[in-house]
Amino acid sequence: MNTDQLSPRDLTNQKAAIFRNLLTQSGFKLLMALLCIYFFFVFALGLQQVVKTKQANQELLSKLEEEDIPERERLQDSRLEDPWHKGLQASQRFVSSRNLETIARQTTIVGMAALGMTLVIISAGIDLSVGSIVALGTVVIAWLLNKNGFSPLLAAILAVAACGTCGFISGILITNLRVVPFIVTLGMMLFIRGAAKGLSNEQKIDAPDTWLNELLASLGQDQKWMLIPSGVWILIIMAVMVAVLLRYTRLGRHIFAIGSNEQTARLCGVAVVRVKVIIYSLCGVFAGLAGLMQFSRLTVGDPTVAIGLELDVIAAVVIGGGSLAGGEGSILGSLIGALILTVIASGCSQMGLPNWVQEIITGAIIIVAVALDRLRHRRPT
Amino acid sequence: MRKLFVIFAYSLLLICLSSCGQQQGESDEDTPKRLTIAVIPKGTTHVFWKSVHAGAVKAAQELNVEIIWKGPLKEDDRESQIKVVEDLITSRVSGIVLAPLDDTALRPVVNDAVQNNIPVVIIDSGLKSDKQISFVATDNYEGGRKAGHHLAQLLDGKGKVVMLRYQEGSASTMNREQGFLDSVKEYPDIEVVSSNQYGGATTESAYTASENLLGPLRTSEGRLSVDGIFCPNESTVFGMLRALQDSGLAGKVTYVGFDSSEMLVKAVRNGEIHGLVLQDPIIMGYLGVKTMVHHLRGEQVEKRIDTGSKVATPENMDDPVIKDLLEPDYQKWLKEK
């Protein structure tokens with residue numbers, strides 16, 4: 001928790017200290033990074049469109065020239081387009097409400113899983129089974145919906161409970177067997193993936209059409225008053241709850257204490273085992289909610305979905321200032337991290353960049369973001 | 001410095017808000033004069049999809065339209081493909097040519113596209129929907145039947161056969177598998193020993209599955225207790241081929257596959273594969289884009305367009321028609337870009 005430590009000079013100037021806390025802790029800088037990346041794509045998309053249109057115009061003109069059409073008529077051809085107007089349109093599309101909504105919807109799954117992962121990473125642990133739990137969640141919901149007597153709400157609750165149980169088992173194994181979380185959750189990743197495939201007979205399960213499918217669907221004209229789809233609202237509410245839990249409750253402070261120094265925490269009377277089991281259970285629950293969101297997008301239970309999702313989730317938490325050594329991390333940061341990942345993916349898609357370029361860019365940004373974060377941390381002390 | 005930050009943030013916020021305000025006015029955007037068509041494959045690294053890409057590029061050049069080729073970031077990941085479609089709807093392309101990874105999961109996003117006045121043409125695999133303009137694909141069931149009959153003839157209508165499936169949920173390969181099973185049923189002396197194993201998405205997983213499948217079927221003399229093998233797509237055919245080669249069984253068992261690649265062609269020449277049912281991916285990409293352009297220019301298009309399939313054997317593989325299918329000349333089109 002070295003963000004909480006203040007150097008003597010800062011104490012003499014409390015105003016500056018408060019401001020610096022605001023900068024380092026509220027994720028203000030991260031927000032700036034997000035905006036920079038976002039507007040980078042706004043400009044890049046516009047510029048790309050300008051270049052493209054200019055090229056198309058050029059081609060058209062040279063073709064008309066070959067057809068011996070006089071220059072004045074050539075320039076008045078109706079197929080010529082104003083490149084700057086087209087560029088502006090392309091830029092506007094990226095800041096349009098439709099695009100913002102798409103970004104919000106695409107972030108929800110990673111964001112939801114990142115809530116739990118933030119808790120785990122603050123406690124100096126890691127959970128690699130998140131992707132598999134998401135897949136299990138979608139399968140369980142679809143499976144229950146196909147049985148008689150399960151309302152959508154009940155199916156969703158049971159699925160989230162099943163996912164929470166997976167997290168609970170991870171927590172029990174980690175604390176009782178004294179095996180490092182990396183190995184336990186690696187095992188659980190395969191175990192749960194296998195269970196999901198087994199439950200679904202190694203195929204996707206089609207489910208009846210219910211309101212669950214509407215959670216993350218694009219809003220229709222008559223639902224505009226909601227601003228963003230209900231699934232995104234659920235994410236926001238959950239995020240606020242977890243943030244409050246981390247900052248103001250005893251459990252939250254204990255999580256930080258364990259992550260900073262587990263031995264010290266134990267000596268200070270923190271029930272390390274119990275807190276850890278709670279952390280991993282919560283991580284399972286949030287992965288289950290992410291599974292619910294995933295189901296809502298797929299409308300089928302898919303045991304092969306979300307392979308490698310845990311890496312996106314970990315990347316989001318780490319970009320958001322979480323430290324794999326424990327003791328650091330924030331909910332707001334993790335959500336911004338998830339948003340940054342979505343904006344990059346979405347921007348690259350809309351620019352039509354090939355996948356390999358997109359992967360290289362994403363990788364580079366993760367490393368740069370975390371490196372900058374470490375530099376920032378080195379300075380104050 | 002801090003003030004700069006704040007000013008910067010406020011200005012960005014203002015731009016953001018102002019453009020949101022403009023959004024309502026932009027909804028009845030004039031249709032672009034040069035068409036931009038998004039072509040979304042299931043993956044980008046298979047030879048098959050490179051050929052579809054080539055066909056799409058060919059059509060784009062002929063019809064003077066622009067294509068955006070963008071596959072899912074994670075190959076064979078449904079969620080990833082949904083994201084790509086969403087992003088392309090947002091960037092307001094003129095039309096989308098989509099090879100859906102799933103016949104159900106891609107349905108909501110296709111509906112979304114149609115609601116936003118972006119027409120969709122489905123290629124390669126079916127979608128359980130009637131919102132698409134047209135479905136341009138090989139008749140996979142018929143292709144599977146061709147494979148079944150070819151294998152049965154090679155075996156003189158009797159023997160034991162196994163089939164390694166590809167992956168559940170992929171409609172195209174499931175139809176091939178069904179076509180194969182149905183055609184083999186017409187030969188009473190042919191017994192299907194195993195047809196419930198899945199090769200999975202990659203060559204690597206198909207290789208492992210093949211080894212597991214072949215292991216118990218080996219006899220003490222080092223031969224196989226089955227006479228025929230069928231695999232329904234490039235990755236499973238190649239995975240199985242590698243497994244056969246590594247255990248010295250290649251060429252000792254009658255082997256019929258689906259799709260082609262350089263290595264598979266070599267295997268046909270060496271007599272390790274006795275037949276490959278071939279689709280025409282270049283034509284598929286070409287017709288997909290062409291159908292879309294025709295629709296956008298206000299012409300009537302067929303609801304279902306078959307792109308055909310043929311069986312390549314060691315005997316007919318130098319026939320120019322078959323050769324074109326075996327070794328699609330995709331580089332010619334992709335290099336010109």
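**Entry 1. Domains of chain B**

I looked up the separation of the two domains of chain B in this predicted model: their centres, taken over C-alpha atoms, are 29 Å apart. The domain assignment places residues 36-138 and 281-306 in domain 1, and residues 140-279 in domain 2. I then examined where the two meet, and found 13 residues of domain 1 of chain B in contact with eleven residues of domain 2 of chain B. On the domain 1 side, α2 (47-63) and α10 (281-296) of chain B each contribute at least two residues. I sorted the residues of that side by class and obtained four nonpolar, four polar and five charged.

**Entry 2. Chain B overall**

I recorded twelve helices and twelve strands in chain B. Of its 337 residues, 53% are buried. I also checked the contacts in chain B between residues at least 6 apart in sequence, and 73% of these join residues at least 24 apart.

**Entry 3. The parallel sheet**

I followed an open sheet of six strands in chain B, ordered β2-β1-β3-β4-β5-β11, with parallel pairing. Which strands stand at the edges? I found β2 (66-69) and β11 (304-306) of chain B there; each has a single partner strand, so one side of each has no neighbour in the sheet. From one strand to the next, the twist averages 20 degrees.

I then went through the pairings around β3(B). Strand β1 (residues 36-40) of chain B pairs with β3(B) in the parallel sense over four bridges, and Ile37(B) has Gly95(B) as its bridge partner in β3(B). The parallel pairing of β3(B) with strand β4 (residues 120-123) of chain B has three bridges, with Leu98(B) opposite Ile122(B). Continuing outward, I noted three bridges between β4(B) and strand β5 (residues 134-137) of chain B, which run parallel. Here Ile122(B) stands opposite Phe135(B).

Next I inspected the side chains of the strand itself. In a regular strand the side chains alternate between the two faces of the sheet. In strand β3 (residues 95-98) of chain B, Gly95(B) and Val97(B) point one way, while Ile96(B) and Leu98(B) point the other way, and all are buried.

I also examined the helices associated with this sheet. β3(B), helix α4 (residues 107-115) of chain B and β4(B) form a β-α-β unit that is right-handed. α10(B) lies across β1, β2, β3, β4, β5 and β11 of chain B, and runs at about 160 degrees to β5(B).

**Entry 4. The mixed sheet**

I traced another open sheet of six strands in chain B, in the order β7-β6-β8-β9-β10-β12, and its pairing is mixed. At its edges I found β7 (189-198) and β12 (309-312) of chain B, each with a single partner strand, so one side of each is left without a neighbour in the sheet. Direction ignored, neighbouring strands of this sheet are turned by 15 degrees against each other on average. Strand β6 (residues 158-165) of chain B runs parallel to β7(B), joined by seven bridges, and Gly159(B) stands opposite Ile190(B) in β7(B). Helix α5 (residues 140-154) of chain B lies across β6, β7, β8, β9, β10 and β12 of chain B, at about 170 degrees to β9(B).

**Entry 5. Contact between the chains**

I looked up the contact of chain B with chain A, to which chain B gives 38 residues and chain A gives 39 residues. On the chain B side, α1 (2-26), α3 (78-90) and α4 each supply at least two residues. By class, this side has 13 nonpolar, nine polar and 16 charged residues.

**Entry 6. A helix pair in chain A**

Two packed helices are described by the angle between their axes and the distance between the axes. For helix α10 (residues 230-248) and helix α15 (residues 331-351) of chain A, I noted axes that come within 9 Å and cross at roughly 145 degrees. Ala239(A), Val242(A), Ala243(A) and Leu246(A) of α10(A) meet Ile331(A), Leu332(A) and Leu335(A) of α15(A). This contact has seven nonpolar residues, with no polar and no charged ones.

**Entry 7. Met189(A)**

I located Met189(A) in helix α9 (residues 181-199) of chain A. Is Met189(A) buried or exposed? I counted 20 C-beta neighbours inside 10 Å, and therefore Met189(A) counts as buried, the cut-off being 20 or more. Leaving out residues up to four places away in sequence, Met189(A) touches Leu128(A), Ser129(A) and Ser132(A). The C-alpha atoms of Met189(A) and Ser129(A) are 3.9 Å apart, with the two residues 60 residues apart along the chain.

Technical notes:
Residues numbered from 1 in each chain as written. Chains lettered and ligands numbered in written order. Predicted model: local features only at pLDDT ≥ 70, side-chain atom pairs only at ≥ 80, totals over all residues. Buried ≥ 20, exposed ≤ 12 C-beta atoms within 10 Å, placed from the backbone. Contact = placed C-beta atoms within 7 Å. Domains from an automatic or database assignment. Nonpolar A, V, L, I, M, F, W, Y, C, P; charged D, E, K, R; others polar. Axes fitted to C-alpha atoms, helices over the stretch in contact; angles between N-to-C directions. Pairing = 2+ DSSP bridges. Right-handed = clockwise from strand over helix to strand, strands pointing away.
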